[in-house]
Protein chains: 2
Amino acid sequence: MMMAEATIRDVARRAEVSVATVSRALNGFENVSERARERIADAVRDLGYVPHAGARSLSLARTNAIGVVLPDLHGEFFSEIVRGMDREASARGYLLLLSNLHGGTERAILALKAMRGRVDGLVVMAPHLSEEELARALPAGLPSMLVNTRGLTGQYPAIHLDNFSGVRAVVDHLAGLGRRRLVHIAGPAENIDALERADAFRKCAGEHGLESMIVQGDFEEESGAAAINALLAAGHRFDGVFAANDNMAIGALETLRRAGLRVPEDVAVVGFDDIPISAHLGLSTVRVRIAELGQRALARLLDGIGGGPQSGDELHAPELVIRATTEA
Amino acid sequence: MMMAEATIRDVARRAEVSVATVSRALNGFENVSERARERIADAVRDLGYVPHAGARSLSLARTNAIGVVLPDLHGEFFSEIVRGMDREASARGYLLLLSNLHGGTERAILALKAMRGRVDGLVVMAPHLSEEELARALPAGLPSMLVNTRGLTGQYPAIHLDNFSGVRAVVDHLAGLGRRRLVHIAGPAENIDALERADAFRKCAGEHGLESMIVQGDFEEESGAAAINALLAAGHRFDGVFAANDNMAIGALETLRRAGLRVPEDVAVVGFDDIPISAHLGLSTVRVRIAELGQRALARLLDGIGGGPQSGDELHAPELVIRATTEA
DNA sequence: ACGGCTGATGTAACCGGTTACATTAGCCAC
DNA sequence: GTGGCTAATGTAACCGGTTACATCAGCCGT
């Protein structure tokens, strides 16, 4: 059972035909006689021959694989985006070559270069690489799709989460409920989504003429709790909290209740992401269909490889989900 | 910027040396003159040369990639096991080639064969493939590690979740609390973990001399709720529920409370997996360190490829987590 | 009977790297 | 000056597929 792996030449020898004929037979060409076809099928079975995908892609200049380069992502987001990509990839006969970007800039650049010659295209999500670094690292001539990554607009097709429309829906909703003093718990400053959400919040709250303030968080539950504790201790008054993600919203929610405040009567709470737990807790939030975003990114990339239009930026719109933390 | 991608021969020509010298220089061999080294470095920079990993692995018979073949997994489990594998892989300079096994047996076999020549080893989790199918599908000569997969013991190294010890801890715990009439909500019949948990439950409950029954679920939250509803409607009495996973336990928990039963006073509830939401709901459960399992699988596989001992089966022990649904 | 056509097959170059082996240059000792 | 040694380099085969092109057999019409 542990025989050395057979090559196409072994098959040719055993079937007493040439390698060209074997190759043609295995790839379903018409011009192969029935006799040859049978002999080859027998030889393949006897030898347990499986084509060497690496060699194949070298001569075809085509790998049937797509490289996926992601930063260190939190559980739900990571698995959902990969699931979406996988859905599209396997439907179209592609494999996914995964590379997580831990470590510094240099390692990230190496990781990107390691994709050359392994994949037909790249989906890159690299929020912490600068525009120049990214331009330097992306192998020239490799079709690439940028996801939620700043810069290089126009040079590469990209797909972004439409943070602005999500935030606007939240602020409109809170304003519609008559809330007048809002707090935004922001995510880490180096995160592009966190920044966009904070900016959008500032702008939308301003348009509604609401009193608003922004406190810093880091996307973790504890930072949401800490933010609320600090505000309460400082004697701040507010009737609505909008956290940049659900984790922080949950921390905020539990802290508010522990402090004796009623949600939503005294304070309304809204998150962002719609992670599974949010439904259980009745948290109003903005649903991001992450899998769909991943699927869409891959679909556009593959269409581009197939020769379709290499269109520019695309926005992926999220959706407001109203639950108990904003409606009695 | 969109020049055709340079090859090592282009670099050699521009640096006015042979391809052999370029190859040696780029791979850090000693026997290359300083002068040549510089000229080559210049040429590489000017041309934006990036080695073609596919060609490289063809001649080296080494890809620095590991194939990961998983069934359709639910969010948390999928992302955690991949995270664990990625942690180990990227620490050792390997990439992960991901293939999800949707579709039938034939597609699964094709997916496994597609790995030949792309990877140096395989981590396979294929609970729905029979032993013969698996033996037929695994490319001969490709080091493989089986995860939570029945059969082929001895032929391939494997790592399994130790369902038995987890279940025993649960039943011991419930018995220790004085519970005497237990219900087990089982997972889908074709799932190996579900089967093992149900078997272990039967055995352990028997050893304690407890009254026990098993009802069928499908790992989804709704099936947990449905199971409880059916039992209550039928007038069954019980003081402990052990669901084969947390999702079903949560469905059961909410249904019990909605029916006016107190948890844990009237009925204790235990799940399995320890998904993040369980901590929030105070659900007692069995924690499976999934990432650790994935990491361990990859580590053993890589050790094996490196020539280490190809040891046999390994059990991955989970841990009982006691929370509010079993302790007042 | 023969030229031309069609269909099956084989030969060998190629994809882009690595590397065994041959070759050359440079240096030293005698 | 020459033989022997070492270090640097080049040539070409090889990894395992694909495919352009050449070849060849068989069949047709005239």
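I took two strands as paired if DSSP finds at least two bridges between them, and I took helices (H or I, at least four residues) and strands (E, at least two) as DSSP runs, numbered from the N terminus.

I noted before going further that this is a predicted model, in which local features need pLDDT of at least 70 and side-chain atom pairs count only at pLDDT 80 or more, whereas totals for chains, interfaces and linings use all residues. Residues are numbered from 1 along each chain as its sequence is written, and chains are lettered from A and ligands numbered from 1 in the order in which they are written.

**Entry 1: strand pairing**

I looked first at strand S2 (residues 95-101) of chain A, which runs antiparallel to S2(B) and is joined to it by 3 bridges. Within this pairing, A:Leu98 has B:Leu96 as its bridge partner in S2(B).

I then followed S2(B) inward to strand S1 (residues 65-71) of chain B, and found the two running parallel with 7 bridges between them. S1(B) also pairs with strand S3 (residues 121-124) of chain B, again in the parallel sense, over 4 bridges. B:Val69 has bridge partners in both of these strands, namely B:Ser99 in S2(B) and B:Val124 in S3(B).

For burial I used the count of other C-beta atoms, placed from the backbone, within 10 Å of a residue's own: buried at 20 or more, exposed at 12 or fewer, and partly exposed in between. S1(B) is largely enclosed by the rest of the structure, because 6 of its 7 residues are buried.

**Entry 2: the contact between the chains**

I counted two residues as in contact if their C-beta atoms, placed from the backbone, lie within 7 Å. On that basis 40 residues of chain B and 40 residues of chain A take part. On the chain B side, H4, helix H5 (75-91), strand S2 (95-101) and helix H12 (276-281) each give at least two residues, and H5(B) has the largest share with 7 residues.

I sorted residues into nonpolar (Ala, Val, Leu, Ile, Met, Phe, Trp, Tyr, Cys and Pro), charged (Asp, Glu, Lys and Arg) and polar (the others, Gly among them). The side of chain B that touches chain A then has 19 nonpolar, 14 polar and 7 charged residues.

I also superposed the copies by least squares on the C-alpha atoms of residues with pLDDT of at least 70 in both. A turn of 180° with a shift of 0.1 Å along the axis lays chain B on chain A with an RMSD of 0.2 Å. That is the relation of a two-fold axis. The copies meet through the same surface, because 100% of the interface residues of chain B are also interface residues in chain A.

**Entry 3: the DNA strands**

I called a residue near a strand if its C-beta atom, placed from the backbone, lies within 6 Å of it. DNA strand D is surrounded by 27 residues, and the closest are A:Ile8, A:Ser23, A:Ser59, B:Ser18 and B:Ala20. Two or more residues come from each of helix H2 (19-26) and helix H4 (53-60) of chain A, and from each of helix H2 (19-26), helix H3 (34-47) and helix H4 (53-60) of chain B. By class, this surface has 14 nonpolar, 10 polar and 3 charged residues.

DNA strand C is surrounded by 28 residues, and here the closest are A:Ser18, A:Ala20, B:Ile8, B:Ser23 and B:Ser59. The helices giving at least two residues each are H2, helix H3 (34-47) and H4 of chain A, together with H2 and H4 of chain B. The classes for strand C are 14 nonpolar, 10 polar and 4 charged.

**Entry 4: backbone details**

I kept in mind that most residues other than glycine have a negative phi, and most peptide bonds are trans. B:Ala61, in the loop between H4 and S1 of chain B, has a positive phi of about 55°, and it counts as exposed with 11 C-beta neighbours inside 10 Å. B:Asp274, in the loop between S9 and H12 of chain B, has a positive phi near 60°, but this residue is buried, with 23 other C-beta atoms within 10 Å.

I found a cis peptide bond between A:Val263 and A:Pro264, with omega about 10°, and another between B:Val263 and B:Pro264, with omega about 10°.
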